[in-house]
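Morning, everyone. One structure today, and I'll keep it brisk. Have a look at the screen.

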Amino acid sequence: MKLVALDQRASAEGLFAGQNLADAKALVPNLELREIDLPFIEQVFGDFADWHSNATPIVTVLTDHAAWGDLMLDITGVSHLFGGEAAMLETLSGRLEALGLTVRGAIAPTVGAAWALAHFSSPQVAGADVSEILAPLPVSALRLEESQVAGLEHLGLKQVGQLYSRDRRALKARFGTSLLLRLDQALGYVEERVRPRLPLAEHYVERRFAEPIGLLDDVLMTAHDLALRLSSDLETEGVGAQAFHLFLYRVDHKVMTLSVNAARATRDAQHIGRLFAHRAERLVGEYDAGFGIDMIRLAASSISPVAAVQVGAFETVDGAASLDRLYDRMTSRLGPLAVVRSKPVNSHIPERAVKLEPMVARTPDDPQALLPLAAPRPLKLLPQPEPISVSLAEVPDGPPPNMVWRRVTYRFVRASGPERIAVEWWRSADRLQLGNEAQPSLDRTYTEGETARDYFVAEDDGGRRFWLFRQGLFGASEQPKWFLHGFFA
Amino acid sequence: MLGNRHLALDTLRQQITALETRPVLQGEESVPARAGFLVAPRGAVHEVFADELREGGAALGFALAQARSMLEPRRPAILYLQLQGDAQEAGVPYGLGLGSFGLDPGQVVFIRAQTIVELLWAIEEAVACRPVAAVVADIVHLQKALDFTASRRLSLRAAASGSSVFLVRYAREREASAAKFRWKIAPAQSRPPPFDATAPGPPRWRVTLEKGSLGGRRRAAPEGEDFLVDWTEHGFERVGADDRTRGAQRPAPLSGAPSAALGDRLSEAS
């Protein structure tokens, strides 16, 4: 057990992070200890990091060394909004310190240098030449592994500056390529990118509030206004987008994200506003504004060019576009898998022969996938075939004379079949097994005879037509089981 | 004065929209003509009743057959709506089984809602959209939300946009509803195909038109007209009292040919 984090008073007593718990308790007997709840802390830190995206969109958490990570922001091109890099560092550190946190930050041209300066030096803004500034820092500032740091110290290389003049091949042979990689990343010879936590958007508009707002209606109204601004931005570039994200930045450093999708690229502000209104109706339980929302950003991604369209009195109605908008609205309100269509799949097994594809993400039809069917297929299919009991069918392939389904007896006067559907030989036979067991038992392998299905179309004396099958061939399994799978018209 | 102008402008706008609506399907083959036996006019709300859930296949089949006849180049979409929770009880439409109704597997869009409120909202949205030919809603359990007001709203929207709504319900009792047509469908024993006397034949239903009139004719009997129809590739075919199908002649089976024993070979069931 080791110490992971301590406050100022503990460090004043001489304790340090990484120290053995027993030693620490020996040094300071009345030490107050808490066990770290890592998932909770990572999640809270993650929320916190997302909140920082109101400073810049590219925010990430580096988890190389600290238990819960270090906050890394890519501020290329954003610093002027805060009045310069130094002022930006002041502002960001200042607002965190106002919350009672201890902050050490630094701004540098590379990720590695910024990390090194923040951990091992005083808060500062580094100029373009990082090698000067990094030279006096200890080698552990390069985010190396413990074994590498120990090895370097053993050789007397205690500062980063001493590594500059060493022979690279020797260093690589002794410590591996990762050492050189870290050094080059810190000095800027190798580019290191950060992967942002929230989806990155090329186009966005935002609005800050002097007084935090909380009501969902106000949020939607703002979203509508923002959609109008975003739509004119997209129009000047002649593009439209298929995914829109609404980021709500709360006062207590959390971010809520709402995303909607459109089947075709659009920049119609009314349509976007309506999609968000529908999406918000699905939100009801999860919406929590906390102490208020002080900034809302609307971003668009999946951009593609869209031709200009005449609107107004002489608008020509495009049927396909209005159908797509209808599906967008329904998907937004009912959920992502609510609006689907069947797509045939190249498979013999009936429940696998179609898959349901969401309309907003549909792919063109594949004429190869439709297998020619000689046998009839039912109009309605039961998602899970239901077991029925059948008395005395003719052996071996006879149709059922009657059945008991959902506690009602049916007497069949006509039947056709059987259509034999055996397991696809390239899959294991286990997959086709149905029955009372929820999971097929693993210590049993099913033979092909046990898993083949014989389908019958049966009509009862009332004219109702059913599609049922017998699972298992006579002789192959002890007791073949019958199931009802679908209904005909 | 001002009101007249607005009305005139509105009418003109609708006419221009109707003229200028681009057909969605370019160069598609023709769809069956509107005239025909049991083919209903557009823009109405139909209630299709079946007595019990197990007869749902017949009711859905009838609704799809009617919906198929509403398709045209400017109206290519058929939507099917169902509550997610009813899927195992009533069954879900099977894409590969739509072929016997002249529909491609991908031509019907399925919409699954979680609550009846969402379902009704979805029906209203779909009906208001002009390129939708027909909306088929499978309402398995009795729903309080589907009352007279709701059906009246639906029928107004359907009349405005020209899309049709088919509400498939399962009950023996009837409630007041603003639907223009009310059908009752019950399956009936089918005529066996010519070469196999023991196999089921094309779907046969007993269709009762309880409310509404087709083709301008007044209803003959107060409790509604009753038809026995077959659904074949030619559409609805009326079956006479002697159980012989009028219409296309079918080749008679060869004399002396033994009827195929059940289970001996695959037979065409439809």
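I'll go through chain A, the contact between the chains, the shared sheet, and then one residue.

First, a caveat. This is a predicted model.

Start with chain A. It has 14 helices and 14 strands. Of its 489 residues, 31% count as buried. Now take the contacts in chain A with a separation of 6 or more. Residues 24 or more positions apart account for 56% of those.

Next, the contact between the chains. Chain A puts in 58 residues, and chain B puts in 57. Which elements of chain A give two or more residues to that side? Helix α13, residues 319–334, is on the list, along with strands β7, β8, β9, β11, β12 and β14 of chain A. α13(A) gives the most, with 9 residues. By class, the chain A side has 31 nonpolar, 11 polar and 16 charged residues.

Stay with α13(A). Across the interface is helix α4 of chain B, residues 116–128. A quick reminder on vocabulary. Two packed helices are described by the angle between their axes and the distance between the axes. Here the axes of α13(A) and α4(B) come within 11 Å. They cross at roughly 170 degrees. Angles over 145 count as roughly antiparallel, and therefore α13(A) and α4(B) are roughly antiparallel to each other.

Who meets whom? From α13(A), we have Leu326(A), Arg329(A), Met330(A), Arg333(A) and Leu334(A). They meet Glu118(B), Trp121(B), Ala122(B), Glu125(B) and Ala126(B) in α4(B). By class, this helix contact has 6 nonpolar, no polar and 4 charged residues.

Now the sheet. It is open, with 11 strands and mixed pairing. The order is β8(A)-β7(A)-β4(B)-β2(B)-β5(B)-β6(B)-β1(B)-β7(B)-β8(B)-β9(B)-β10(B). What sits at the edges? β8 of chain A, 354–358, and β10 of chain B, 235–238; each pairs on one side only. Neighbouring strands are turned by 30 degrees against each other on average, direction ignored.

Where do the chains join within this sheet? At β7 of chain A, residues 339–344, and β4 of chain B, residues 108–113. They pair in the antiparallel sense over 3 bridges. Two bridge partners to note. Arg341(A) has Val109(B) in β4(B). Val339(A) has Ile111(B), also in β4(B).

Two helices of chain B pack on this sheet. Helix α2, residues 56–69, touches β1, β2, β5, β6, β7, β8, β9 and β10 of chain B. Its direction makes about 175 degrees with that of β6(B). Helix α5, residues 148–161, touches β1 and β6 of chain B. The direction of α5(B) makes about 130 degrees with that of β1(B).

Buried or exposed: how does α2(B) come out? Mostly covered, with 14 of its 14 residues buried. We can check its length too. At 1.5 Å a residue, its 14 residues should span 20 Å. The end C-alpha atoms of α2(B) are 20 Å apart, so that agrees.

Last stop, Leu228(B). It lies in strand β9 of chain B, residues 225–232. Why does Leu228(B) count as partly exposed? Because it has 17 C-beta neighbours inside 10 Å, and buried needs 20 or more. Leaving out residues up to four places away in sequence, Leu228(B) touches Ala188(B), Arg204(B), Arg206(B) and Val239(B). Take Val239(B). It is 11 residues from Leu228(B) along the chain, yet their C-alpha atoms are separated by 5.4 Å.

That's the tour. Thanks.

Terms used. Residues numbered from 1 in each chain as written. Chains lettered and ligands numbered in written order. Predicted model: local features only at pLDDT ≥ 70, side-chain atom pairs only at ≥ 80, totals over all residues. Helix = DSSP H or I, 4+ residues; strand = E, 2+ residues; numbered from the N terminus. Buried ≥ 20, exposed ≤ 12 C-beta atoms within 10 Å, placed from the backbone. Contact = placed C-beta atoms within 7 Å. Pairing = 2+ DSSP bridges. Axes fitted to C-alpha atoms, helices over the stretch in contact; angles between N-to-C directions. Nonpolar A, V, L, I, M, F, W, Y, C, P; charged D, E, K, R; others polar. Expected span 1.5 Å × (residues − 1). Parallel < 35°, antiparallel > 145°, perpendicular 65-115°, else oblique.
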